[in-house]
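Trainee: Could you take one part of this fold and walk me through it slowly? I'd like to see how a single strand sits among its neighbours.

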Amino acid sequence: MPVQVKTMQERKITTTEQSEQTRVDAVTPKAQVSFEFFPPITGAMEKTLWDSIERLSVLRPRFVSVTYGADGSTRERTHAVVARILSETDLTAAPHLTCIGASRGEIDDIARRYWDMGVRHLVAIRGDLPKDVEKYRPHPDGYAYGSDLVAGLKKVADFDISVAAYPEVHPEAPNPLSDLDNLKRKLDAGASRAITQFFFDVELYLRFRDLCATAGIDSNIVPGILPITRFPQLTRFAKQCGASVPDWLTRRFDGLEDDAETRQLIAASVAIEQVRLLEKQGIEEFHFYTLNRAELTFAICHALGVRPQQAAA
Ligand SMILES: Cc1cc2nc3c(=O)[nH]c(=O)nc-3n(C[C@H](O)[C@H](O)[C@H](O)COP(=O)(O)OP(=O)(O)OC[C@H]3O[C@@H](n4cnc5c(N)ncnc54)[C@H](O)[C@@H]3O)c2cc1C
């Protein structure tokens, strides 16, 4: 192999990068993490979910959230997963609760039931539109939007509430400013933090964080990190929720359709790069859309310095 002679300039860059790397790795991790799961449908999915919860629980997440299907379609299954988390683990369970397609009375009853079983944290969300519905119409007796839901839940009990935020603007919002106003309304109604829709360009998140600060939002805007398990599924999700998939990301997965092993390595490197960049910008809290799989999330947390023994200490 030919010996490559480096210029002084190149050497300097390498040394600076290395010392930066050493500095970052030496720092005691400050990162706090939370994980999202969805209620399983089949027995096999159930096993994967519980294996993943077990594997990730040693990282001592701040909370683990469990999604709720559009118009309450997973109500019982969400409830069952939350009940089992409460009875079999020492994790803080945070059920998602959506208001689409339900009356205020029904939502309040569910919230009361959660409070009685020991739930103190909710993720309050309007909910996705059902497949056959094009335009959102609130339930005649329901909470119309996320902000109404937060205000209603706060009247039921003093829950710690997380809400959703959109660095690339919610697809139904008439314009970015009104979407920002909406986020502020949800926080002013009593939510403690916002969790963002997933994104891949860190710049998008940072710009959004600046906009939030300008709008007088001082609550934590926790970045939602989606480790990519399957690229075609990701592009489908992204289209539905108005998140962009940058060209550089498509190129990284290009040609790996039949190579799961390399895909997994690329997915880990993409997300690790993302969280490290965010960390350098002062972000200390991360929410992971695990899709009920532990491997990638565990690896990314490891890179953030979130490890079992440190967490226990
Ligand atoms: C962290 C996170 C978790 C999620 N979990 C789930 C889940 O478990 N189940 C599920 O079905 N979906 C979930 N979703 C998806 C979510 O349901 C959709 O993004 C939904 O379309 C919006 O929910 P929201 O709470 O942000 O809505 P809202 O805050 O109510 O906003 C919805 C839209 O209405 C606009 N709006 C708000 N108030 C008004 C008003 N007064 N007048 C006119 N327009 C208004 C907003 O600008 C926005 O465009 C989640 C999303 C995120 C980011």
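Mentor: Here's a close look at strand E6, from its residues out to the ligand and the whole chain. Bear in mind that this is a predicted model, where local features need pLDDT of at least 70, side-chain atom pairs count only at pLDDT 80 or more, and totals for chains, interfaces and linings use all residues. Residue numbers start from 1 along each chain as its sequence is written.

E6 covers residues 193–198; helices (H or I, at least four residues) and strands (E, at least two) are DSSP runs, numbered from the N terminus. It's mostly covered, with 5 of its 6 residues buried. Buried here means that 20 or more other C-beta atoms lie within 10 Å of the residue's own, while 12 or fewer makes it exposed and anything in between partly exposed, with C-beta atoms placed from the backbone.

On one pairing, strand E5 (residues 160–165) runs parallel to E6, joined by 4 bridges; strands count as paired if DSSP finds at least two bridges between them. Ala165 has Thr196 in E6 as its bridge partner. To get from E5 to E6 the chain goes through H6, in a right-handed β-α-β crossover. Right-handed means that, with the strands pointing away from the viewer, the path from the first strand over the helix to the second runs clockwise.

E6 also pairs with strand E7 (residues 220–225), again parallel and over 4 bridges. There, Ile195 stands opposite Val222. The chain crosses from E6 to E7 through helix H7 (residues 202–214), and this β-α-β crossover is right-handed.

Now zoom in on Ala194. Beyond its neighbours within four places in sequence, its contacts include Val163, Ala164, Leu183, Leu187 and Ile221, a contact being two C-beta atoms, placed from the backbone, within 7 Å. Along with Leu122 and Ala124, Ala194 touches the most other members of the largest nonpolar core, which has 77 residues. Such a core is a set of buried Ala, Val, Leu, Ile, Met, Phe, Trp, Tyr and Cys residues joined through C-beta atoms within 7 Å.

E6 also supplies at least two residues of the shell around the ligand, as do strand E3 (93–98), strand E4 (121–125) and helix H6 (176–188). H6 gives the most, with 4 residues. The ligand is surrounded by 24 residues, Ala164 being one of the closest; the test is a C-beta atom, placed from the backbone, within 6 Å.

Stepping back, the protein chain has 12 helices and 8 strands, and 35% of its 313 residues are buried.
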